[in-house]
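Okay, thanks for coming, everybody. I've got one structure to walk through today, so let me put it up on the screen.

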Amino acid sequence: MHFNANMQFKEFVHIINPRVPKRMLLFLAGFIWLYASYRVFLVLLIELHKSSNHWLIYTIGSIVYVLFFQFVFHRILLKHTKRIINKATNWVCVFSVFDLKSYLLMGFMIATGVLSTRYLSIPAEALSVFFISLSLSLFTSALYFLYYGFRYSYAKNKFLIFNKLKDEN
């Protein structure tokens with residue numbers, strides 16, 4: 001469609017808005033978090049190379065992962081999945097995969113990760129434990145997003161029922 005001077009701004013935005021079905025947002029979220037998990041894992045390998053006593057780091061990192069995933073990432077995952085599934089229209093903007101707060105949080109986490117590994121003198125063991133738990137949490141969340149994308153009908157029914165039960169209590 002050709003843009004002319006008389007076209008309203010809203011119409012122009014509607015034309016250039018990259019929209020996808022809601023189900024694709026779940027896949028997109030899964031692939032974004034899978035890529036983030038991979039990048040954090042690469043940083044982990046660098047930090048792990050600097051440290052000794054790997055089994056202790058793996059053990060503590062795994063324990064922290066369970067807590068980190070359960071109390072942080074699982075809640076974020078459910079929040080985004082419910083928000084995506086309960087959107088009013090089936091075709092939504094591709095950038096609505098996350099909300100503004102989450103984009104800001106991701107930017108903060110990326111900046112903190114870069115600054116902490118380059119400019120702060122945090123022991124490699126502590127960074128390794130953190131990066132193990134973060135990488136595994138991101139990876140597990142990515143698998144959940146992809147699962148909900150493949151089993152969209154199941155996820156849709158699950159979260160609509162969850163919302164109804166929550167409203168009744």
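Before anything else, one term: when I say partly exposed, I mean a relative accessible area between the buried cut-off, under 20%, and the exposed one, over 50%. D99 is a good example, because its 23% puts it in the partly exposed class. And please keep in mind that this is a predicted model.

So, the overall layout. The chain has six helices and two strands. If you walk along the sequence, the order is α-β-α-α-β-α-α-α. Of the 169 residues, 33% count as buried. The accessible surface adds up to about 11,200 Å², and carbon and sulfur atoms own 69% of that. On contacts: take those with a separation of 6 or more, and 81% of them are between residues 24 or more positions apart.

Now the inside. Nonpolar side chains in soluble globular proteins tend to be buried together. Here, the largest nonpolar core has 29 residues, and L26, W33, F73, L138 and F145 have the most contacts inside it. Which elements give two or more residues to this core? They are α2, α3, α5 and α6. The largest share is from α5, with nine residues.

Let's zoom in on a couple of spots there. L138 touches W33, A36, S37, V40 and F73, leaving out anything up to four places away in sequence. Then there's A142, which sits in helix α5. Is A142 buried or exposed? It's buried, because its relative accessibility is 0%. With the same neighbours-in-sequence left out, A142 touches G30, W33 and L34. And look at A29: A142 is 113 residues away from it in sequence, yet their C-alphas are 7.0 Å apart.

That brings me to helix α2. This helix has 29 residues and spans 43 Å from first C-alpha to last, close to the 42 Å you'd expect at 1.5 Å a residue. Its buried residues include L25, L26, W33, V40 and L48, but K22 and E47 are on that list too.

E47 takes us to salt bridges. How many does a search of the whole structure find? Two. In one of them, E47 pairs with K50, with N to O at 3.3 Å. Both partners are in α2, three residues apart, or about one turn of the helix. In general, an α-helix has 3.6 residues a turn, so residues three or four places apart point the same way. The two ends of this bridge contrast in exposure: E47 counts as buried because its relative accessibility is 4%, whereas K50 counts as exposed because its value is 53%.

The other bridge joins K79 and D99, where the closest N and O atoms are 3.5 Å apart. This pair links distant parts of the chain, with K79 in helix α3 and D99 in the loop between β2 and α4, 20 residues apart. We've already seen that D99 is partly exposed, and K79 is partly exposed as well, because its relative accessibility is 35%.

While we're in that loop between β2 and α4, S96 lies there too. S96 is buried, because its relative accessible area is 15%. Setting aside residues up to four places away in sequence, S96 touches L25, R83 and K87.

One backbone oddity. Most residues other than glycine have a negative phi. N53 isn't a glycine, but its phi is positive, about 60°. You'll find N53 in the loop between α2 and α3.

Last stop, the outside. There's a nonpolar patch on the surface formed by I63, L67, F71 and V72, and together they have about 370 Å² of accessible area. F71 is in helix α3, which covers residues 54–85, and V72 is in α3 as well. V72 counts as partly exposed because its relative accessibility is 32%. The C-alpha of V72 is 8.9 Å from that of S137, although the two are 65 residues apart in sequence.

To recap the two things I'd look at on screen: the 29-residue nonpolar core, and the surface patch with F71 and V72 among its members. That's it from me, happy to spin the model around for anyone.

Terms used:
Residues numbered from 1 in each chain as written. Predicted model: local features only at pLDDT ≥ 70, side-chain atom pairs only at ≥ 80, totals over all residues. Heavy atoms only, no water. Patch = residues over 30% accessible without salt bridge, like charges linked within 9 Å, V, L, I, M, F, W, Y side chains within 5 Å. Areas by Shrake-Rupley, 256 points an atom, 1.4 Å probe, with all protein chains shown as cover. Salt bridge = Lys/Arg side-chain N within 4 Å of Asp/Glu carboxyl O. Helix = DSSP H or I, 4+ residues; strand = E, 2+ residues; numbered from the N terminus. Buried < 20%, exposed > 50% of the residue type's maximum accessible area, 1.4 Å probe, protein only. Contact = heavy atoms within 4.5 Å. Core = buried A, V, L, I, M, F, W, Y, C linked by side-chain atoms within 4.5 Å. Expected span 1.5 Å × (residues − 1).
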